[in-house]
Amino acid sequence: LSDIFGWSTHVAAEELAGRDTPDQDIWEYACHHRFGAIVTRDTDFLHIQSELGEKAIEDGQGDRVPLLVFIPENLSTGLLCGMFRRYAADIRGYMKEKTLACQLTSSHGCSPLF
């Protein structure tokens, strides 16, 4: 998807994968490195994004908060890539609008959460 969204990485490539790395540390890493988005199926990130993302905005650090793209389904890589291509404009729009989180599903497409 780098042709659509530019550079991307994975927690394993950043040596953040595994049970020893708290989700909040991954979130903070993404903020510190100014990632545009975090893509996850982990519901813990919804709580982190809601709590810490809103606090960062209140503290004037909203430009550092990545969009959380929540995937509630277990989808194949091919289907997921196709959905990202299909909804790329929506995702970019949420990033630009500083929406904190959106949901990407096979049945409902891409929609903002908060």
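Before we start, one term: a residue is buried if its relative accessible area is under 20%, exposed if it is over 50%, and partly exposed in between (1.4 Å probe, protein chains only). Helices (H or I, at least four residues) and strands (E, at least two) are DSSP runs, numbered from the N terminus.

This is a predicted model, where local features need pLDDT of at least 70, side-chain atom pairs count only at pLDDT 80 or more, and totals for chains, interfaces and linings use all residues. Residues are numbered from 1 along each chain as its sequence is written, and side-chain values use heavy atoms, with hydrogens and water left out.

**Exercise 1. Sort the side chains of strand E1 (residues 37-40) by face.**

Step 1: Recall that in a regular strand the side chains alternate between the two faces of the sheet.
Step 2: Look for the buried ones: Ile-38 and Thr-40, which share one face.
Step 3: Turn to the other face, where you'll find Ala-37 and Val-39, neither of them buried.

**Exercise 2. Work out how the sheet is put together.**

Step 1: Two strands pair if DSSP finds at least two bridges between them.
Step 2: Walk across the open sheet and you meet its four strands in the order E1-E2-E3-E4, with mixed pairing.
Step 3: E1 and E4 each pair on one side only, which makes them the edge strands.
Step 4: Zoom in on E1 and E2 (residues 67-70): they run parallel, joined by four bridges. Ala-37 has Leu-67 as its bridge partner in E2.
Step 5: Follow the chain from E1 through helix H3 (residues 44-58) to E2; this β-α-β crossover is right-handed (with the strands pointing away from the viewer, the path from the first strand over the helix to the second runs clockwise).
Step 6: E2 and E3 also run parallel, with three bridges between them.

**Exercise 3. Which residues of helix H5 (residues 88-97) are buried, and where do they sit?**

Step 1: Pick out Ala-88, Ile-91 and Tyr-94, which are buried.
Step 2: Look down the axis of H5: its buried residues fall within an arc of 130 degrees, so they line one face of the helix. The arc is taken from the directions between the helix axis and the C-beta atoms.
Step 3: Check the other side, where Ala-89, Lys-96 and Glu-97 are exposed.
Step 4: Finish just past the helix: H5 is followed by Lys-98, with a positive phi near 65 degrees.
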